[in-house]
Amino acid sequence: EEEEEATLRELRIFLREICAKLARNRTFYIFTKPVDEEEVPDYREIIKEPMDLESMMTKIDKHEYECAQDFLHDIDLICTNALEYNPDRNPEDKVIRHRACTLRDTAYAYIKAEMDTDFEEKCRGIRDNR
Ligand SMILES: Cc1noc(C)c1-c1cc(NS(=O)(=O)c2ccccc2)cc(C(=O)O)c1
């Protein structure tokens, strides 16, 4: 009903701010766009559910997140995809893995610092009753 729509609108505004702040951080530049098939031809043979910050911004606008937990699930996906595709001990893989773990930890820290737990509970209630 209308109050629920107002709550979800507020959630989308909050998630856009978090997503934009992450995308502005140059450490996370490689996570801002889908992995390019021409640059990384075998990527989609190994990673079945690609995810990136631009795609997440689009998902916000399409009302595909009903609580912060759902948003963080896609952040976790960006991170696990990077860990799975870049598992080796060489310096390049280690840098990508470190950046992926930093993205995950930074996103969780922003949400915890800036999101009211009662608000998230209200959003979870809406999600679970739909
Ligand atoms: C992400 C990701 N996951 O696996 C790998 C491997 C990467 C990844 C992909 C790319 N090249 S890309 O064209 O797909 C791209 C460029 C700019 C933003 C987003 C993607 C470059 C690098 C890099 O370290 O420079 C890493």
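**Figure 1. Residues around the ligand in the predicted model**. The ligand is surrounded by Tyr 29, Ile 30, Lys 33, Val 35, Asp 36, Glu 39, Tyr 43, Tyr 85, Asn 86 and Ile 96. On its own, the ligand has 560 Å² of accessible area, and the protein covers 74% of this. The space that the ligand takes is the largest pocket.

**Figure 2. Polar contacts of the ligand with Asp 36 and Asn 86.** Both Asp 36 and Asn 86 belong to the residues that surround the ligand. Asp 36 contributes a backbone N or O atom, 2.8 Å from an oxygen atom of the ligand. From Asn 86, an N or O atom in the side chain is 3.2 Å from an oxygen atom of the ligand.

**Figure 3. Surroundings of Cys 19**. The structure holds 0 disulfides. For Cys 19, the closest cysteine sulfur is that of Cys 67, and the two sulfurs are 15 Å apart, so they are too far from each other for a bond. Cys 19 is buried, with a relative accessible area of 1%.

**Figure 4. Cys 79 and its nearest cysteine sulfur, in Cys 101**. The sulfur of Cys 101 is 4.5 Å away from that of Cys 79. A disulfide requires sulfur atoms within 2.5 Å, and Cys 79 is in no disulfide. Cys 79 counts as buried, at 1% relative accessibility.

**Figure 5. Confidence of the predicted model**. The protein chain has an average pLDDT of 98, and 100% of its residues score at least 70. For the model, ipTM is 0.96 and pTM is 0.98.

Conventions: Residues are numbered from 1 along each chain as its sequence is written. This is a predicted model: local features need pLDDT of at least 70, side-chain atom pairs count only at pLDDT 80 or more; totals for chains, interfaces and linings use all residues. Side-chain values use heavy atoms; hydrogens and water are left out. pLDDT is the predictor's confidence in each residue, from 0 to 100. Buried means under 20% relative accessible area, exposed over 50%, partly exposed in between (1.4 Å probe, protein chains only). A residue is near a molecule or strand if one of its heavy atoms lies within 4 Å of it. A polar contact is a pair of N or O atoms within 3.5 Å; within protein, one must be able to donate a hydrogen and the other to accept it, and residues adjacent in sequence count only if both atoms are side-chain atoms. Accessible areas come from the Shrake-Rupley method with a 1.4 Å probe; for residues, only the protein chains shown count as cover. On a 1 Å grid over the protein atoms alone, a cavity is a set of points where a 1.4 Å probe fits but cannot get out, and a pocket is an open set with protein on both sides within 12 Å along at least five of seven lines; lining residues have an atom within 4 Å of a point. A molecule sits in a cavity or pocket if more than half of its atoms lie within 2 Å of its grid points.
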